[in-house]
Amino acid sequence: MIGHRRTAVFLMALVALIGGLITGRDLWFNLAYLLGLLLIISFAWSWININSLHLSRVTRTRRTQVGRPVEERFEVRNTSILPKLWLEVRDFSTLPGHFSSRVLNNLGARGSYSWRTTTICKQRGRYQLGPLQLRTSDPFGLFPMTLDLEQTTHVVVYPMTFDIHRFALPIGVLSGGDALRRRTHHVTTNASGVRDYAPGDSFGRIHWPSTARRSRLIVKEFELDPLADIWIVPDMAVFSHVAAPPQQEKQRSDLPEWMVMEKFELAETTEEYTVTAAASLAQFFLRQDRAVGMLAYGQSNEVLQADRGERQLNRFLETLAVLRAEGKVPMSNVLQAELHLVPRGTTVICITPQTDQEWGTVAKQLHRRGLRIVTVLVNPASFGGMLSSEPLLSLLQANNLLAYQINAGDNMTEVFSSAKSSSSQFAFS
């Protein structure tokens with residue numbers, strides 16, 4: 001439409017010029033000059049408009065979590081003396097529900113306009129913020145121009161976590177274990193040797209007999225205790241995961257949108273519940289200064305060696321943020337393939353939506369090999385699946401194996417606070 005308008009003005013100027021040449025009348029020449037001058041001024045106005053803009057974008061944080069907001073602040077400044085009658089700012093971010101595009105009217109000379117966008121994150125993952133596109137035009141709309149700002153950043157949305165107050169674990173049956181030949185910067189009960197002091201080492205690590213003997217500072221090195229390790233195995237095979245049917249859209253309120261407070265709810269899919277349970281358990285044990293590792297075969301094979309601290313929690317959340325239930329390897333095969341990483345006495349927490357009672361046999365075999373197995377069953381029947389995990393839960397309990405069951409809509413804080421067994425072989429951590 002705009003192109004047709006510009007073409008029409010150009011043809012009118014051409015017709016007026018031809019009419020002036022044929023008739024020699026000043027009216028036609030004046031009309032041709034006027035229309036030609038209109039085209040030149042309109043083009044110059046649009047060019048100055050698009051090249052005299054300064055757009056700034058500030059993202060408050062690049063790391064957030066499901067259920068928490070992402071906040072951005074935008075500011076557009078007009079650096080010329082010409083006003084901008086209209087300006088469109090279009091954002092091509094991939095973050096779901098992030099609407100930061102704007103149409104600005106009457107941006108005055110040397111003026112500025114800013115706005116803030118807050119989006120509640122509903123899906124975990126790694127998303128792109130940007131690019132941006134600016135569109136403006138002259139007062140007559142003859143020469144609309146576009147400026148593409150290709151710079152992009154990324155935001156990582158971690159999975160949602162529940163605060164777990166206690167969690168039952170099988171009581172260990174081994175009196176001790178072999179030290180793992182894996183160095184750690186934490187002080188443990190397993191000293192593996194000594195080395196020269198390095199800047200940043202704690203004075204509590206200094207081995208004074210060796211220091212006195214060698215006349216220089218010598219510190220102790222430690223290894224992880226295998227019996228303190230906890231491995232979390234979320235089942236990310238594509239075979240058993242289901243999603244609840246979409247709910248009907250809620251009736252709209254007569255109140256303005258900014259006055260309506262909606263309660264955030266986790267997406268009702270077994271995949272999201274599995275990932276959320278894994279993240280919540282990792283957060284619980286790492287806050288207790290336990291060494292936690294992870295095995296997960298999704299769209300890629302992810303293995304996180306057991307470690308402690310806030311850095312390990314960040315690794316967990318970073319990995320789980322992008323992990324998808326697209327694996328082709330069943331969880332039992334994953335454990336068989338990576339069993340060499342899990343020494344005897346280690347606690348293995350398996351989180352799975354499967355209902356096949358064959359898992360009960362696999363869990364019993366792993367228990368006989370010296371592993372302490374805990375199973376968290378995400379019941380697919382509560383998500384609209386055809387099969388239920390209740391029979392598998394009963395089978396695990398009959399074999400004195402600790403098991404939990406999570407249904408759609410359950411509060412994981414409450415679910416994990418009590419074990420589904422009365423056996424004295426379990427103790428709360």
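Strand 18 (residues 347-352) and strand 19 (residues 372-378) run parallel and are joined by six bridges. If you would like a spot to fix your eye on, take T352, whose bridge partner in strand 19 is L377. Strand 18 also has a parallel neighbour in strand 15 (residues 229-234), with five bridges between the two. Here I232 is the residue to look for, as its bridge partner in strand 18 is I349. Please keep in mind as you go that this is a predicted model.

How many of the six residues of strand 18 are buried? Six of the six are, so strand 18 is largely enclosed by the rest of the structure. You can follow this along the strand by looking at where the residues point. T347, I349 and I351 point one way, while V348, C350 and T352 point the other way, and all of them are buried. Buried here means under 20% relative accessible area. For the chain as a whole, 45% of the 429 residues count as buried.

Now step back for a moment to the overall make-up. The chain has nine helices and 21 strands. Among contacts in the chain with a separation of 6 or more, 73% are between residues 24 or more positions apart.

Let us turn to the helices. Two packed helices are described by the angle between their axes and the distance between the axes. Helix 4 (residues 270-287) and helix 5 (residues 310-322) have axes 10 Å apart and pack at an angle of about 175°. An angle over 145 degrees counts as roughly antiparallel, and therefore helix 4 and helix 5 are roughly antiparallel to each other. Which residues meet in this pair? From helix 4 come V275, A278, A279, A282, Q283 and L286, and from helix 5 come Q312, L313, F316, L317 and L320. Sorted by class, this contact has nine nonpolar and two polar residues, with no charged ones.

A second pair of helices lies further along the chain. Helix 7 (residues 358-368) and helix 8 (residues 390-398) have axes that come within 9 Å and cross at roughly 25°. That angle makes helix 7 roughly parallel to helix 8. The crossing of helix 7 past helix 8 is right-handed. W359, G360 and A363 of helix 7 make the contact with L392, L395 and L396 of helix 8. By class, five of these residues are nonpolar, one is polar and none is charged.

Just beyond helix 8 there is a backbone detail to look at. N400 sits in the loop between helix 8 and strand 20 (402-406). Most residues other than glycine have a negative phi, and most peptide bonds are trans. N400, however, has a positive phi, near 60°. With 39% relative accessibility, N400 counts as partly exposed.

R110 shows a positive phi too, near 55°. You will find R110 in the loop between strand 5 (102-107) and strand 6. Is R110 buried or exposed? At 59% relative accessibility, R110 counts as exposed.

Strand 6 leads us on to another sheet. This one is open, has three strands in the order 1-3-6, and is paired in the antiparallel sense. Its edge strands, each pairing on one side only, are strand 1 (53-59) and strand 6 (112-120). On average, neighbouring strands of this sheet are turned by 15° against each other, direction ignored. Strand 1 and strand 3 (residues 69-78) pair over seven bridges, in the antiparallel sense. To find the register, look for T59, which stands opposite E72 in strand 3.

The last stop is strand 8 and its surroundings. Leading into it is the loop between strand 7 (125-129) and strand 8 (132-136), where P131 is found. The peptide bond from G130 to P131 is cis, with omega near 0°. Strand 8 itself is mostly covered, with four of its five residues buried. Strand 4 (residues 84-91) pairs with strand 8 in the antiparallel sense over five bridges, and L87 has T136 of strand 8 as its bridge partner. Strand 8 also pairs with strand 9 (residues 145-149), again antiparallel and over five bridges. In that pairing, L134 has L147 in strand 9 as its bridge partner.

Notes
Residues are numbered from 1 along each chain as its sequence is written. This is a predicted model: local features need pLDDT of at least 70, side-chain atom pairs count only at pLDDT 80 or more; totals for chains, interfaces and linings use all residues. Side-chain values use heavy atoms; hydrogens and water are left out. Two strands pair if DSSP finds at least two bridges between them. Axes are lines fitted to C-alpha atoms, for helices over the stretch in contact, and angles run from 0 to 180 degrees between N-to-C directions. Angles under 35 degrees count as roughly parallel, over 145 as roughly antiparallel, 65 to 115 as roughly perpendicular and the rest as oblique. A crossing is left-handed if the near helix is turned anticlockwise from the far one by less than a right angle, and right-handed if clockwise. Contact means heavy atoms within 4.5 Å. Ala, Val, Leu, Ile, Met, Phe, Trp, Tyr, Cys and Pro count as nonpolar, Asp, Glu, Lys and Arg as charged, and the others, Gly among them, as polar. Buried means under 20% relative accessible area, exposed over 50%, partly exposed in between (1.4 Å probe, protein chains only).
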